[in-house]
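Subject: Structure handover

Hello,

Here is the structure you asked about. Please look it over first; my notes on what was found follow below.

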Amino acid sequence: QILRDGQPVLDVEDTAGSSVRPSGRDRYVFVKGLPLADLATGRYQLKVTVQDGVAERSATSTAWVELR
């Protein structure tokens, strides 16, 4: 999810898990293109939530990005 001023501007889901790649023991990398061309320049928040269907838990990470 990409947010601007706390409001979602882009939602991307991968319910099949096809964009997740193993990268060593107990580590996975999220590989997914995001359609950013239509977004205005400025500061956005990138929010990634991963759900573990086996353990029935989720984890969320956020980072600030600047589009120029």
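For the charge count, Lys and Arg are taken as positive and Asp and Glu as negative, with His and the chain ends left out. Counted this way, the protein has 9 positive and 9 negative charges, and the mean positions of the two sets are 7 Å apart.

Please keep in mind that this is a predicted model. The average pLDDT of the protein is 90, and 100% of the residues reach at least 70. Confidence peaks in strand S1 (residues 2-4), with a mean of 96, and is lowest in strand S4 (residues 28-30), with a mean of 81.

Overall make-up

The protein contains six strands and zero helices. In sequence order the pattern is β-β-β-β-β-β. The C-alpha trace spans about 35 × 20 × 20 Å along its principal axes. There are 68 residues, of which 10% count as buried. The exposed surface comes to about 5,800 Å², and carbon and sulfur atoms supply 47% of that area. Taking contacts between residues at least 6 apart in sequence, 35% join residues at least 24 apart.

S1 and its partners

S1 pairs with strand S2 (residues 7-10) in the antiparallel sense, over three bridges. In this pairing, leucine 3 stands opposite proline 8 of S2. The two strands form a hairpin with two residues between them. One residue of the turn is aspartate 5, which has a positive phi of about 55° although aspartate 5 is not a glycine. Is aspartate 5 buried or exposed? Its relative accessibility is 73%, and the cut-off for exposed is over 50%, so aspartate 5 counts as exposed.

S1 also pairs with strand S5 (residues 42-52): the two run antiparallel and are joined by two bridges. Here isoleucine 2 of the protein stands opposite leucine 46 in S5.

S5 and S6

How many bridges join S5 to S6? There are 11, and these strands run antiparallel. S6 covers residues 57-67. Two of the facing pairs can be followed in the model. Aspartate 52 stands opposite arginine 57 in S6, and glycine 42 has leucine 67 in S6 as its bridge partner.

S5 and S6 form a hairpin with four residues between them. Glutamate 56 is found in the loop between these strands and has a positive phi of about 55° although it is not a glycine. With a relative accessibility of 71%, glutamate 56 counts as exposed.

Serine 61 lies in S6. Which residues does serine 61 contact, leaving aside neighbours within four places in sequence? They are Leu46, Lys47 and Val48. The C-alpha atoms of serine 61 and lysine 47 are separated by 5.8 Å, with their positions 14 residues apart along the chain counted as the separation. Is serine 61 buried, exposed or partly exposed? Its relative accessibility is 48%; because buried means under 20% and exposed means over 50%, serine 61 falls in between and counts as partly exposed.

Tyrosine 28

Tyrosine 28 is found in strand S4, the strand with the lowest mean confidence in the protein, 81. Not counting residues up to four places away in sequence, tyrosine 28 touches Val20, Arg21, Pro22 and Ser23. The C-alpha atoms of tyrosine 28 and valine 48 are separated by 13 Å, and these two residues are 20 apart along the chain. Tyrosine 28 has a relative accessible area of 56%; the cut-off for exposed is over 50%, so this residue counts as exposed.

Regards

Notes: Residues are numbered from 1 along each chain as its sequence is written. This is a predicted model: local features need pLDDT of at least 70, side-chain atom pairs count only at pLDDT 80 or more; totals for chains, interfaces and linings use all residues. Side-chain values use heavy atoms; hydrogens and water are left out. pLDDT is the predictor's confidence in each residue, from 0 to 100. Buried means under 20% relative accessible area, exposed over 50%, partly exposed in between (1.4 Å probe, protein chains only). Contact means heavy atoms within 4.5 Å. Accessible areas come from the Shrake-Rupley method with a 1.4 Å probe; for residues, only the protein chains shown count as cover. The place of a charge is taken as NZ of Lys, CZ of Arg, CG of Asp or CD of Glu. Two strands pair if DSSP finds at least two bridges between them.
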